Amino acid sequence: MAVIGNNNRKSVLEEDASLYRAKDEKTEKQKWSEMNREERVNYFMDYYFLKCLALLLVIGVVAGIVKHMLEPQTPVVMSVAVVENSLTPDGEPAFREFLEQLCITDEGNQEVVLDDDYPTGYESLAKLQAYFNTNGIDLIITNEEHFKEMAEIGYFEDLNALMPEFAKAREDHLCYAPEPTDDTSATELSETNAQADTASSENAADTEPTLRAYGVCITDCAAFKDAWGYDSEAVAGIVVSKANEENAEKVLTALFEE
């Protein structure tokens with residue numbers, strides 16, 4: 001009999017009991033060879049199916065990303081952002097077609113972006129700022145109140161300087177806003193409106209702000225009016241960091257020629 005511990009008590013198990021024998025571990029290959037077809041199917045489904053499915057999913061995602069990176073991107077010839085106001089479902093397609101016919105010269109190889117997914121909130125401000133920093137927006141359309149807030153931060157070109165003939169001809173449609181008088185820039189758009197109003201008030205106390213024609217009211221323009229479903233004026237302005245200046249100017253000009 002085997003002796004267990006130091007208390008000289010005898011074990012009730014024989015020395016050759018299975019508890020003391022090392023288990024014979026079978027390899028996966030051995031297990032597989034001993035199974036019939038049905039057992040192999042069940043074994044695969046139980047132990048490997050989900051792993052294989054996950055692996056294929058990962059491979060598919062990676063392949064999709066690599067393909068997107070390697071494929072030549074369609075050049076954007078005009079990018080319009082509609083901020084804090086969504087376009088109407090009935091009018092948006094016609095306005096998009098207007099932009100495409102005006103700006104696309106090589107059909108199938110150029111793209112126009114019309115994005116109205118900029119509701120009020122921090123995420124929209126972050127998205128807008130990201131596109132602004134990468135020259136990803138050419139023209140912004142929004143309500144008059146928000147337009148003036150953005151203009152005071154430094155988002156828009158002065159139309160009198162950029163398009164003097166157009167500005168003179170459409171003088172009664174121009175939207176004026178105070179010229180930024182300090183270091184405030186478009187990178188600080190995420191500041192609250194209250195802070196912007198406070199800064200404006202402090203500046204006004206020192207000196208009368210210079211007004212610039214940063215935008216033009218397009219509410220009644222034939223190519224756009226059906227896409228605007230608000231009582232407030234729709235104001236469009238050319239962004240200072242635009243990549244397609246010529247097309248941006250072309251759009252504003254054509255809106256009043258329709």
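Hi everyone. One convention before we start: the helices and strands I mention are DSSP runs, numbered from the N terminus, with at least four residues for a helix (H or I) and at least two for a strand (E). Please also keep in mind that what you have in front of you is a predicted model.

Let's begin with strand β3, residues 76-82. Is β3 largely enclosed or largely open? Of its 7 residues, 6 are buried, so the rest of the structure largely encloses this strand. The cut-off behind "buried" is a relative accessible area under 20%.

Now to the partners of β3. Strand β4, residues 111-115, pairs with β3 in the parallel sense, and 5 bridges connect the two. If you want a place to look, find Ala81, which stands opposite Asp115 in β4. Strand β5, residues 139-143, also runs parallel to β3, joined to it by 3 bridges. Here the pair to look for is Val80, opposite Leu139 in β5.

How do we get from β3 to β4? Helix α4, residues 92-103, joins those two strands in a β-α-β unit, and that unit is right-handed. Within α4 sits Glu100, which is partly exposed at a relative accessible area of 31%. Its C-alpha atom is 8.4 Å from that of Met78, although 22 residues separate the two along the chain.

Next, the loop between β3 and α4, which is where Glu84 is found. The phi of Glu84 is positive, about 65 degrees, and this residue is not a glycine. Why point that out? Because most residues other than glycine have a negative phi. Glu84 is partly exposed, with a relative accessibility of 29%.

There is a companion case in Asn135, which belongs to the loop between α5 (122-133) and β5. Asn135 is not a glycine either, and its phi is positive, near 55 degrees. With a relative accessible area of 40%, Asn135 is partly exposed too.

Now for the empty space. How many cavities of 30 Å³ or more does a search of the whole structure find? The count is 1. The largest cavity holds about 40 Å³. Glu84 comes back here as one of the lining residues, and others include Val83, Tyr118, Pro119 and Leu128. By class, that lining has 5 nonpolar, 3 polar and 1 charged residues.

I'd also like to show you the second largest pocket, with a volume of about 200 Å³. Which strand gives the most to its lining? That is β3, with 4 residues, and β4 also supplies at least two. The lining has 15 residues in total, and those nearest the centre of the pocket are Ser79, Val113, Tyr131, Gly136 and Ile137. Sorted by class, the lining splits into 8 nonpolar, 5 polar and 2 charged residues.

One last stop, further along the chain: Ser241, in the loop between β8 (234-238) and α10 (245-255). Is Ser241 buried or exposed? Its relative accessible area is 10%, so Ser241 counts as buried. A polar atom of the Ser241 side chain lies 3.0 Å from the backbone oxygen of Phe132.

So, if you take one picture away, let it be β3: largely enclosed, paired with β4 and with β5, and giving the most to the lining of the second largest pocket. Thanks for listening, and I'm happy to go back to any of these spots.

Terms used. Residues numbered from 1 in each chain as written. Predicted model: local features only at pLDDT ≥ 70, side-chain atom pairs only at ≥ 80, totals over all residues. Heavy atoms only, no water. Buried < 20%, exposed > 50% of the residue type's maximum accessible area, 1.4 Å probe, protein only. Pairing = 2+ DSSP bridges. Right-handed = clockwise from strand over helix to strand, strands pointing away. 1 Å grid on protein atoms, 1.4 Å probe; cavity = no way out; pocket = protein on both sides within 12 Å on 5 of 7 lines; lining within 4 Å. Points joined across faces, edges and corners; volume = space filled by probe spheres on them. Nonpolar A, V, L, I, M, F, W, Y, C, P; charged D, E, K, R; others polar. Polar contact = N/O pair within 3.5 Å; in protein donor to acceptor, adjacent residues only side chain to side chain.
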